[in-house]
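Reader: I would like a close look at one part of this model. Please take the covered strand in the middle of the sheet pairings and what surrounds it, and work outwards from there.

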Amino acid sequence: MHAYDFGPVGNIGDYNCRLNLLDYTVGFPSSKIPVREAYSNAEAAPPDLSGLIAVNKPFGLKIHSHDKPGTRSKNGQSPVVSSIPDCNLTFEDTLGELKERLKISNLSILKSAERYTSGIVLLSTNENTTAAVYKSFNRAKFQKIPHLTHWAITLGYPSVTYKKEKVGIKFLEVENENKKQPIIVSDPSKRESRLKKVHPVHVEYRVLSLNKALKTSLIEISSSSVKYHFIRVYASSHICSILGDIMYSNRMNTVMGVPVKVHIEHCHAFDFQPLPENMTKALNLPKNVDCTVIPHMLHLRSIFLPKFKGEDVTITADLPPHFQWTTEKLNLLSSNSEK
């Protein structure tokens, strides 16, 4: 089995993002580094994996220009909050420059972290590599392997530190909501899956680090699919809310740091909870602020490709600086810990 690590992109240090369209600068007080400089960190795989390229995408960078807007906004809430970069540049827009820097003629996106998730963007330079990657994905699906692994920082901490299960995700019409909401269902039937009434997902999660004093944890969630924002929905209904998640965090309340599930029919009545006072102090934030001031703390950490061109391959992306900084401030990872 081969594992390949890809370095961080950009350099960030607190939660006041400002982005410029021309060079997509993510600025925190400590430094400002153009994300385009990250392409010097884009690494082509070794010769036996030629044609496969991975880039460690920063939080806030949209992949395609046709992506739907407003994915972090809620009814009655402005879509522009301090943690959301306001920029029209997309990863797709920069493929020309990336091809020039890597001296290649063709480049296509195979898999990527969504806009408000940092982490791996997997690319291919030729049709054979593209076919090999999709063959690995299909093999993982057939073998029921949770091959997509995310790390998340949570608001609250789960009572169960490890779980592996098969669940499903489907849409439910909710009263007083103008659109259907994704929900998790336990042990979906083969008939429901065959009729496409529910999308089955194999998922496994574990708590990597826990800080009860600050009411937070670092968790690893591996899944066979990320369709319909699966990671966010699963966390908010089965584990605890992801720090900075504006879409689904109101599905989970916390009492003394312990997550308490809110029924989907009633969660629209709950606003975002203020962050715990000791957490805001640790993160140098004002008192009584909520999760909207923090970037979404979800990172596509690794992708497993079973039997990719005959070899099991794991591609791992370093934690982005804003995520690493937060884990250190919350005493979830020490500054000396491996990324």
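Author: What follows starts with the whole chain, then turns to one strand and its partners, and ends with a helix, a pocket and some single residues.

This is a predicted model. The protein averages a pLDDT of 76, and 69% of the residues score at least 70. Two stretches need caution. Over residues 69–81 the pLDDT stays under 50, and the model has 25 contacts there beyond four places in sequence. Over residues 335–339 it also stays under 50, with seven such contacts.

The protein has six helices and 16 strands. Of its 339 residues, 55% are buried. Take the contacts between residues at least 6 apart in sequence: 66% of them join residues at least 24 apart.

Now the strand. β7 covers residues 118–124, and seven of its seven residues are buried. What does β7 pair with? β5, β6 and β15 are among its partners.

Start with β5, residues 52–57. β5 and β7 are antiparallel and share six bridges. One residue pair fixes the register: Ala54 in β5 has Leu122 of β7 as its bridge partner.

Next comes β6, residues 108–112. β6 pairs with β7 in the antiparallel sense too, over four bridges. Here Ser108 stands opposite Ser124 of β7. The connection between β6 and β7 is a hairpin of five residues.

The pairing with β15 runs the other way. β15 spans residues 298–308, and two bridges join it to β7 in parallel. Gly119 of β7 stands opposite Leu300 of β15.

In a regular strand the side chains alternate between the two faces of the sheet. With seven of seven residues buried, β7 is mostly covered.

A second covered strand is β10, residues 181–186. Five of its six residues are buried. Its partner β9, residues 162–172, runs antiparallel to it, and six bridges join the two. Leu172 stands opposite Gln181 of β10. Pro182 also belongs to β10. Is Pro182 buried or exposed? Its relative accessible area is 5%, so Pro182 counts as buried.

From Pro182 the path leads to His229. The two residues are 47 apart along the chain, yet their C-alpha atoms are separated by 8.2 Å. His229 lies in the loop between β12 (216–223) and α4. His229 is not a glycine, but its phi is positive, at about 60°. Its relative accessibility is 25%, so His229 counts as partly exposed.

The helix after that loop is α4, residues 230–239. Nine of its ten residues are buried, so α4 is largely enclosed by the rest of the structure. The buried set is Phe230, Ile231, Arg232, Val233, Tyr234, Ala235, Ser236, Ser237 and Ile239. An α-helix has 3.6 residues a turn, so residues three or four places apart point the same way. Arg232, Ser236 and Ser237 are among the buried residues of α4.

Asn288 offers another case of positive phi. Its phi is about 65°, and it is not a glycine. Asn288 sits in the loop between α5 (277–282) and β15. Is Asn288 buried or exposed? At 64% relative accessibility, Asn288 counts as exposed.

β6 leads on to a pocket. The second largest pocket has a volume of about 550 Å³. Its lining counts 21 residues, and Lys141, His199, Pro200, Ser224 and Ser225 lie nearest its centre. Which elements each supply at least two residues of this lining? They are β6, α2 (127–142), α3 (190–194) and β11 (199–211). So much for position; the chemistry is evenly split. The lining has seven nonpolar, seven polar and seven charged residues.

To draw the threads together: β7 is antiparallel to β5 and to β6, and parallel to β15. β6 also contributes to the lining of the second largest pocket. β10 holds the buried Pro182, and the C-alpha atom of Pro182 is 8.2 Å from that of His229. His229, in turn, is in the loop between β12 and α4.

Note on methods:
Residues numbered from 1 in each chain as written. Predicted model: local features only at pLDDT ≥ 70, side-chain atom pairs only at ≥ 80, totals over all residues. Heavy atoms only, no water. 1 Å grid on protein atoms, 1.4 Å probe; cavity = no way out; pocket = protein on both sides within 12 Å on 5 of 7 lines; lining within 4 Å. Points joined across faces, edges and corners; volume = space filled by probe spheres on them. Nonpolar A, V, L, I, M, F, W, Y, C, P; charged D, E, K, R; others polar. pLDDT = per-residue confidence, 0-100. Contact = heavy atoms within 4.5 Å. Buried < 20%, exposed > 50% of the residue type's maximum accessible area, 1.4 Å probe, protein only. Pairing = 2+ DSSP bridges.
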